[in-house]
Amino acid sequence: MATGGEAPESWYLALLGFAEHFRTSSPPKIRLCVHCLQAVFQFKPPQRVEARTHLQLGSVLYHHTKNSELARNHLEKAWFISQQLPQFEDVKFEAASLLSELYCQQNLVDSAKPLLRKAIQISQQTPYWHCRLLFQLAQLHTLEKDLVSACDLLGVGSEYARVVGSEYTRALFLLSKGMLLLMERKLQDVHPLLTLCGQIVENWQGNPIQKESLRVFFLVLQVTHYLDAGQVKSVKPCLKQLQQCIQTISTLHDDEILPSNSADLFHWLPKEHMCVLVYLVTVMHSMQAGYLEKAQKYTDKALMQLEKLKMLDCSPILSSFQVILLEHIIMCRLVTGHKATALQEISQVCQLCQQSPRLFTNHAAQLHTLLGLYCISVNCMDNAEAQFTTALQLTSHQELWTFIVTNLASVYIREGNRHQELYSLLERINPDHNFPVSSHCLRAAAFYIRGLLSFFQGRYNEAKRFLRETLKMSNAEDLNRLTACSLVLLGHIFYVLGNHRESNNMVVPAMQLASKIPDMSVQLWSSALLKDLNKACGNTIDAHEAAQMHQNFSQQLLQDHIAACSLPEHNLISWTDGPPPVQIQAQNGPTTSLASLL
């Protein structure tokens with residue numbers, strides 16, 4: 001105990017020093033840190049010391065232990081006491097911020113919202129905290145899918161930042177609002193807002209890293225906007241700017257000089273996170289355009305960087321980046337004939353989703369969609385239908401819904417006896433009128449599906465009309481994979497009609513494009529057609545060469561098919577309900593038909 005002649009600050013500072021020493025030890029000695037902080041209360045400290053100590057205890061318990069009830073108790077006391085003290089902003093608002101975070105973790109969102117609203121109301125004279133609490137409440141509404149309330153709050157924040165003279169934070173609020181408007185598909189509101197953001201970002205003269213990070217945020221929104229619209233060619237200038245921007249950021253050093261305006265004390269993302277994000281949007285572009293080797297290269301780079309970051313940083317955004325990267329590379333693998341690897345990566349996504357319920361909620365529909373695509377690739381059509389049906393029930397995202405319906409329609413076409421269901425689906429994705437989304441890419445795919453159906457029904461003129469529409473659209477935006485698929489199907493139609501020269505004019509470029517992608521199924525299809533075409537035209541040597549190619553592709557696909565179906569993960573095709581299965585049991589060899597490959 002302190003002797004009577006000592007100032008009360010000395011014992012407090014000593015205990016605080018010990019607590020900090022134990023907290024920052026390697027490894028941290030949290031129990032001893034907590035004991036030191038709890039000892040402060042033995043001295044009946046003044047209210048300021050009491051409130052600050054409750055905040056420190058709450059923070060240590062929240063961040064370093066699982067004792068969330070005790071953490072909550074201390075944070076509630078810190079919030080309650082600090083409200084009664086004048087000019088005690090840092091303790092007051094940090095307590096409110098941490099306590100609302102903890103409430104959300106305990107699923108007490110209805111307690112978090114009024115707490116944040118009260119803190120926002122009384123923080124208007126403290127720009128940093130006022131902005132931070134507005135961001136926090138907007139994020140909470142976003143997680144609840146209440147994007148309208150979140151947008152309103154971000155609008156309030158941008159106006160407040162303008163009034164307190166922080167153009168940087170105003171831009172952050174507006175860009176965040178733009179991101180939510182894109183999520184809501186309110187495209188008519190997005191354009192003027194992004195134009196305003198572009199002007200603010202260019203005119204702002206401040207810390208170079210902050211300026212470039214605003215530019216990255218702005219360009220990421222522009223690029224994703226184009227990609228959502230399926231405009232793969234139009235996006236290239238923006239994507240190039242974005243890639244140059246991230247290179248500039250990586251050469252800049254972080255300035256230690258703090259901004260003079262406390263409202264500017266925000267960062268959008270750390271440099272390393274931005275770098276992974278730029279890789280990610282580049283992968284998305286490469287995937288849509290059909291540059292699959294390029295997608296593979298950037299995915300490898302991004303995943304390597306993610307692994308390094310995850311050793312030091314447990315930020316949930318890193319797991320989200322990882323899942324989105326894997327979702328794209330899985331689609332690439334299925335196209336390039338690496339089904340076994342794709343299946344193992346689907347299992348990896350399942351494991352990541354097992355660790356985070358929120359991640360699973362956000363990606364369950366995509367996971368079942370990927371399993372549906374895998375099922376198509378191994379000719380398990382009943383399972384494909386079940387996976388796509390499950391995915392449709394789990395998504396409210398219009399683009400994903402349209403993508404799933406398009407693939408489900410292709411399953412019904414292959415099965416050949418699902419006319420009622422097929423026509424019902426095709427009515428909902430009619431590319432000639434009332435198409436449900438503005439995506440150029442998905443509309444082109446819908447024309448292709450119509451062409452495929454007409455081909456199977458022997459209505460060749462109608463099929464040609466639809467496929468020429470697909471070709472026109474896919475050529476306009478460099479959608480290489482759709483171009484290759486349309487060319488080979490047109491080649492098949494001309495072959496059936498006996499027009500061998502026209503057929504050859506379609507199949508040869510289809511084969512060249514499929515080799516460049518590389519798309520294994522289109523190469524298999526093209527080589528089979530080339531073999532028959534050359535045989536029909538009496539070109540024995542070319543026919544033999546095409547037959548050899550066809551044999552090679554068949555063997556590769558067959559071996560990969562057997563390898564995939566032999567994996568224990570293959571049993572995931574039966575999972576359609578609840579969270580991902582933890583244990584995947586091995587099975588005795590492949591159980592699926594190989595007829596589609598032979």
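This short talk walks through the cores, one helix, some unusual backbone positions and the cysteines of the structure above.

Before the details, please keep in mind that this is a predicted model, in which local features need pLDDT of at least 70 and side-chain atom pairs count only at pLDDT 80 or more, while totals for chains, interfaces and linings use all residues. Residues are numbered from 1 along each chain as its sequence is written, and side-chain values use heavy atoms, with hydrogens and water left out.

Let me begin with the interior. I will call a residue buried under 20% relative accessible area, exposed over 50%, and partly exposed in between, with a 1.4 Å probe and protein chains only. A nonpolar core is then a set of buried Ala, Val, Leu, Ile, Met, Phe, Trp, Tyr and Cys residues joined through side-chain atoms within 4.5 Å. The largest such core here has 201 residues, and those with the most contacts inside it are Val 216, Leu 242 and Tyr 374. If contact means heavy atoms within 4.5 Å, and residues up to four places away in sequence are not counted, Val 216 touches Leu 242, Cys 245, Ile 246, Ile 249, Trp 268, Met 274 and Val 278. There is also a second, separate core of 5 residues, among them Trp 11, Tyr 12, Val 40 and Val 49.

Turning to helices, these are DSSP runs (H or I, at least four residues), numbered from the N terminus. Helix α7 covers residues 127–143, and 13 of its 17 residues are buried. Its expected span, taken as 1.5 Å times one less than its number of residues, is 24 Å, and this agrees with its end C-alpha atoms, which are 24 Å apart.

After α7 comes Lys 145, in the loop between α7 and α8 (147–163), and its phi is near 70°, a positive value in a residue other than glycine. Lys 145 counts as exposed, at 59% relative accessibility. Asn 434, in the loop between α20 (419–428) and α21 (440–456), likewise has a positive phi, of about 55°, and is exposed, with a relative accessible area of 69%. In the loop between α24 (500–516) and α25 (520–536) lies Pro 518, which is joined to Ile 517 by a cis peptide bond with omega of about -10°.

Finally, how many disulfides are there? Counting a disulfide as a pair of cysteine sulfur atoms within 2.5 Å, the number is 0. For Cys 332, the nearest cysteine sulfur, that of Cys 441, is 13 Å away, and Cys 332 is buried at 4% relative accessible area.

Definitions and conventions
Helix = DSSP H or I, 4+ residues; strand = E, 2+ residues; numbered from the N terminus.
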